[in-house]
Amino acid sequence: RGELMIRSLLIQDEGSHASGILSLSEKTVGIEFAGNLTQKTLNRLLVKNEFPSAWIKGDLKAYILRDQPMKSTVQGRLMGQDFIWVWKLKDPLKINNFSLSGQGNRVRVESATLTCRDSRMALEGGVDLSDAGLLFDMDISSDGWDWGDIKKVMEQDKKKGDAEQSEGLWNLPVQGVVRVKSEFLKYERFT
């Protein structure tokens with residue numbers, strides 16, 4: 001009750017060979033993935049495939065403690081491309097490609113390219129889970145930002161954050177350095 005466990009999952013066809021383990025509970029998330037899944041295999045696996053040209057490969061293990069995130073661990077490497085993430089804005093975020101690695105309590109984004117609307121972003125850097133919270137050191141470059149979109153996300157986060165705090169959910173401090181390089185910033189009628 002309240003727990004899902006997949007102890008052994010094997011997917012194999014002419015283009016893909018992957019194995020995995022998944023455990024979900026109220027306090028923990030455990031994921032192990034090794035191998036590769038091609039676009040063709042994902043199209044056959046998913047009834048409603050929202051990632052028609054996606055692929056993923058690597059060898060990654062993650063164990064996340066929701067109530068004690070500082071004790072979470074990630075080990076290995078994962079790469080992929082063409083995933084869609086439906087998020088706070090009405091336009092989905094397309095993950096064009098990504099390559100990340102984990103060691104202990106550190107996750108490194110070796111490279112990632114994202115697109116939202118007509119804006120394209122490139123990310124590189126790392127995130128550490130420490131006793132002080134999430135520590136970011138990230139470089140982000142973009143062809144441009146619209147302050148209206150950023151403001152909408154921050155307002156929605158504030159509303160959601162207030163609701164989560166009242167429910168006693170994970171309240172994790174976030175700090176660090178994010179370096180941003182952008183071709184332009186649009187604010188109302190000014191660019």
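1. Happy to share a few notes on this one. Read along the sequence, the protein chain runs β-β-β-α-β-β-β-β-β-β-β-α-β-β, a total of 2 helices and 12 strands. Please keep in mind that this is a predicted model.

2. On overall packing, the protein chain has 191 residues, of which 29% are buried. Looking at contacts between residues at least 6 apart in sequence, 42% join residues at least 24 apart. The exposed area of the protein chain is about 12900 Å², with carbon and sulfur atoms supplying 55% of it.

3. You may like the aromatic side of things: a search of the whole structure turns up 1 aromatic pair. The partners are Phe-83 and Phe-98, and their ring centres lie 6.3 Å apart with the planes at 55 degrees, so the pair is tilted; edge-to-face would need planes over 60 degrees apart. The pair links distant parts of the chain, with Phe-83 in strand 5 (residues 73-85) and Phe-98 in strand 6 (residues 93-104), 15 residues apart. Both Phe-83 and Phe-98 are buried.

4. Now to the surface. Which residues form a nonpolar patch there? They are Trp-147, Met-154, Leu-185, Tyr-187 and Phe-190, and together they have about 510 Å² of accessible area.

5. One patch member deserves its own word. Leu-185 belongs to strand 12, which covers residues 185-186. Its relative accessibility is 48%, so Leu-185 counts as partly exposed; the exposed class takes residues over 50%.

Notes
Residues are numbered from 1 along each chain as its sequence is written. This is a predicted model: local features need pLDDT of at least 70, side-chain atom pairs count only at pLDDT 80 or more; totals for chains, interfaces and linings use all residues. Side-chain values use heavy atoms; hydrogens and water are left out. Patches are made of residues with over 30% relative accessible area and no salt bridge: like charges are joined within 9 Å, nonpolar side chains (Val, Leu, Ile, Met, Phe, Trp, Tyr) within 5 Å. Accessible areas come from the Shrake-Rupley method with a 1.4 Å probe; for residues, only the protein chains shown count as cover. A salt bridge is a side-chain nitrogen of Lys or Arg within 4 Å of a carboxyl oxygen of Asp or Glu. Helices (H or I, at least four residues) and strands (E, at least two) are DSSP runs, numbered from the N terminus. Buried means under 20% relative accessible area, exposed over 50%, partly exposed in between (1.4 Å probe, protein chains only). Contact means heavy atoms within 4.5 Å. Rings of Phe, Tyr and Trp (its six-membered ring) pair if their centres lie within 6.5 Å; planes under 30 degrees apart count as stacked, over 60 as edge-to-face and the rest as tilted.
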